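Here is a short set of exercises to work through with the model open beside you. Try each task before you read its solution.

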Amino acid sequence: MTKTLQRPLAVSIMGPTASGKTAAALAIAQRIPSEIISVDSALVYRGMDIGTAKPTRDELAAAPHHLIDIIDPLDAYSVAQFRTDTLRLVDDIVARGKLPLLVGGTMLYFKGLADGLDDLPGANPEVRAALDEEAARDGWPALHARLAQLDPPTAARLKPNDAQRIQRALEIITLSGQPMSALLAQKEKTTLPFDVLPLALEPSDRSVLHERIALRFDKMLADSPDGNLITEVEALRKRGDLHPGLPSIRCVGYRQAWEYLDGTIDYATMRETGIIATRQLCKRQLTWLRAMPERVVIDCLQPDAVNSVLGAIRNRLAP
């Protein structure tokens with residue numbers, strides 16, 4: 001299938017949340033022998049199905065899927081782990097004579113795969129605990145102000161309440177003595193052992209995508225045979241070892257449901273803030289995509305979007 005190419009081919013199907021990436025990938029897999037590699041930082045967690053819009057059992061059975069349900073919510077999954085796993089998986093899938101489909105909306109994973117890994121220091125529990133204590137006392141905006149003095153380029157792209165990224169940036173400065181922006185600038189460009197066809201499902205009318213997001217969030221909150229987002233988070237809370245500081249619980253929807261079950265917000269506020277957070281995620285994803293000039297843009301709202309994706313792939317695979 002890829003023998004006519006000098007190098008193996010992998011297809012990236014990127015796009016914001018609710019843009020139809022999963023449906024497009026499954027449609028392709030029905031027509032071209034393929035295997036799907038999830039590029040989603042939330043789908044890696046076991047027991048987090050409803051709030052992550054994880055593919056259904058039937059969808060998972062329709063084509064081989066990878067990097068879904070691979071870790072416990074108590075654990076973390078890094079860009080480095082994703083890159084290592086994906087390089088191995090692409091090699092295995094190509095060896096089986098199939099087309100690797102990299103499908104998802106975690107743009108940092110796509111970037112890490114394409115650009116390679118950096119030499120940033122690893123996580124340090126002691127440093128993070130100290131930063132958490134400072135944030136609890138002074139607030140994350142105060143730590144953001146400090147970051148603005150130490151690493152202006154990094155601070156400029158972060159919001160004052162972006163706790164996870166502010167903490168990481170200050171942790172890097174503490175451990176390395178250098179700002180993250182400087183370390184990233186020193187990173188050498190890498191070359192992948194395969195070619196990538198980057199397809200981006202983007203909306204011609206963002207308001208339509210916003211409507212989809214609201215409908216999907218309401219569907220997550222509605223009762224179903226598998227429960228709903230609230231019952232799912234209740235089950236996670238009952239474990240007793242999870243907390244809102246974990247990357248898993250900071251996922252959009254889970255954070256808001258956790259706050260609702262804590263009693264800090266009411267149901268209506270939980271629904272509203274969950275939808276707003278998802279729309280903000282969509283905006284960030286589109287910003288990432290616009291920084292990829294090499295991508296092939298396909299309007300995810302057009303009726304024949306899947307055929308456009310399929311046509312782009314077949315054109316690339318043609319001798």
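Strands here are DSSP runs of E with at least two residues, numbered from the N terminus. Keep in mind that the model is predicted.

**Exercise 1. Place Asp195 in its strand and find what surrounds it in space.**

Step 1: Start with the secondary structure. Asp195 belongs to strand S5, which covers residues 195-202.

Step 2: Check the exposure. A residue counts as buried under 20% relative accessible area and as exposed over 50%. Asp195 has 26% relative accessibility, so this residue is partly exposed.

Step 3: List the contacts, leaving aside neighbours within four places in sequence. Asp195 then touches Arg7, Pro8, Leu9, Ala10 and Arg316.

Step 4: Compare sequence and space for one of these partners. Arg7 is 188 residues away from Asp195 in sequence, yet their C-alpha atoms are 6.3 Å apart.

**Exercise 2. Work out which residues of helix H6 are buried, and where they sit around its axis.**

Step 1: Go through residues 140-150, the span of H6. The buried ones are Trp140, Leu143, His144 and Leu147.

Step 2: Look down the axis of H6. The buried residues fall within an arc of 105°, so they line one face of the helix.

Step 3: Ask what that set of residues packs against. The partners are helix H5 (125-138), helix H7 (152-156) and helix H8 (163-176).

Step 4: Turn to the domains. The domain assignment gives domain 1 as 9-118 + 196-317 and domain 2 as 125-186. Between the centres of the two domains, taken over C-alpha atoms, there are 27 Å.

**Exercise 3. Describe how helices H3 and H4 cross and which residues meet there.**

Step 1: Take the geometry. The axes of H3 (residues 79-95) and H4 (residues 107-115) come within 9 Å of each other and cross at roughly 60°. The crossing is right-handed.

Step 2: Name the residues. From H3 come Val79, Phe82, Arg83, Thr86 and Leu87, and they meet Leu108, Tyr109, Gly112 and Leu113 of H4.

Step 3: Sort them by class. The contact has 6 nonpolar, 2 polar and 1 charged residues.

**Exercise 4. For Ala53 and Leu67, give phi, the loop and the exposure.**

Step 1: Read the backbone angles. Ala53 has a phi near 55°, a positive value in a residue other than glycine. For Leu67, phi is near 65°, again positive in a residue that is not glycine.

Step 2: Locate the loops. Ala53 sits between strand S2 (34-38) and helix H2 (57-62), while Leu67 is in the loop between S3 and H3.

Step 3: Add the accessibility. Ala53, at 31%, is partly exposed, whereas Leu67, at 7%, is buried.

**Exercise 5. Set His65 and Glu211 in their elements and relate each to a residue elsewhere in the chain.**

Step 1: Begin with His65, which lies in strand S3 (residues 65-66). Not counting residues up to four places away in sequence, His65 touches Leu26, Ile36, Pro55, Glu59 and Leu60.

Step 2: Relate His65 to Asp91. They are 26 residues apart along the chain, with 15 Å between their C-alpha atoms.

Step 3: Move on to Glu211 in helix H10 (residues 206-221). Glu211 has a relative accessible area of 51%, so this residue is exposed.

Step 4: Relate Glu211 to Glu126. The two are 85 residues apart in sequence and 43 Å apart in space, C-alpha to C-alpha.

Key
Residues numbered from 1 in each chain as written. Predicted model: local features only at pLDDT ≥ 70, side-chain atom pairs only at ≥ 80, totals over all residues. Heavy atoms only, no water. Buried < 20%, exposed > 50% of the residue type's maximum accessible area, 1.4 Å probe, protein only. Helix = DSSP H or I, 4+ residues; strand = E, 2+ residues; numbered from the N terminus. Arc of directions from axis to C-beta. Contact = heavy atoms within 4.5 Å. Domains from an automatic or database assignment. Axes fitted to C-alpha atoms, helices over the stretch in contact; angles between N-to-C directions. Left-handed = near helix turned anticlockwise from the far one by under 90°. Nonpolar A, V, L, I, M, F, W, Y, C, P; charged D, E, K, R; others polar.
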